[in-house]
Amino acid sequence: GGKGGKGGKGGSIAILKKGLQYAGVLPGGKWSNDKNALCVQGLPADTTSCDLYEIFAPFGAMPSGGAWAMCHDDGSCKGIGFINYIDAEPCQNAMNTLHGTMMPDGTTLRVMPKGQSNRSKGKGEGKW
């Protein structure tokens, strides 16, 4: 049996994912290296973690849970998300490619290393 369909008696996919992550059997392990992590600001309210994964994963390998949208209690995105890569090169490529992308509403997507923010000293907007 088991051809397509609605699934069987396996329980919840969320429980399966948590178990695999907890066991440490997924390549990339757990989110542990802020060195290859990005902060994404200026995201629309309907952004999900899945959306971030679909945008950022083509740049390179990510650990399980490597794309995460910060959400309000009602499920809407707070405008901020985090991305984690296993290696530095895709992290740099994603940042160089996507930082400054013009959004449909005219605002600009900001993609920067995690830990940096637009709250730095001074009021300059500069690109880096």
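Helices here are DSSP runs of H or I with at least four residues, strands are runs of E with at least two, and both are numbered from the N terminus. Let's use that to walk through the chain together. The model is a predicted one, so local features need pLDDT of at least 70 and side-chain atom pairs count only at pLDDT 80 or more, while totals for chains, interfaces and linings use all residues. Residues are numbered from 1 along each chain as its sequence is written, and side-chain values use heavy atoms, with hydrogens and water left out.

First, the overall layout. The chain has 3 helices and 4 strands, and along the sequence they follow the pattern α-β-α-β-β-α-β. Buried means under 20% relative accessible area, exposed over 50%, and partly exposed in between, with a 1.4 Å probe and protein chains only. On that scale, 28% of the 128 residues of the chain count as buried. Contact means heavy atoms within 4.5 Å. Of the contacts in the chain with a separation of 6 or more, 62% are between residues 24 or more positions apart.

A good place to look closely is helix α3, residues 88-98, whose buried residues are P90, C91, A94, M95 and L98. Seen down the axis of α3, these residues fall within an arc of 135°, so they line one face of the helix; the arc is that of the directions from the helix axis to the C-beta atoms. An α-helix has 3.6 residues a turn, so residues three or four places apart point the same way. The cover over the buried residues of α3 includes β1 (37-41), α2 (49-56) and β4 (110-113).

Now step off the end of that helix. Just after α3, G100 takes a positive phi of about 90°. H99 sits in the loop between α3 and β4, and H99 is buried, with a relative accessible area of 19%. A polar atom of the H99 side chain lies 3.0 Å from the backbone nitrogen of V111. A polar contact is a pair of N or O atoms within 3.5 Å; within protein, one must be able to donate a hydrogen and the other to accept it, and residues adjacent in sequence count only if both atoms are side-chain atoms.

Another loop to visit is the one between β1 and α2, where T47 is found. T47 is buried at 7% relative accessibility, and its side chain reaches the backbone oxygen of P44 at 2.8 Å. Leaving aside neighbours within four places in sequence, T47 is in contact with L52, A69 and C77. Follow that list to A69, which lies in strand β2, residues 67-71, and is buried at 5% relative accessibility. With the same neighbours left aside, the contacts of A69 include T48, S49, I80 and G81. The C-alpha atoms of A69 and V40 are 8.9 Å apart, with their positions 29 residues apart along the chain.

What about the cysteines? A disulfide is a pair of cysteine sulfur atoms within 2.5 Å, and by this rule the count comes to 0 disulfides. For C71, the closest cysteine sulfur is in C77 at 5.3 Å, too far for a bond. C71 is partly exposed at 35% relative accessibility, whereas C91 is buried at 7%.
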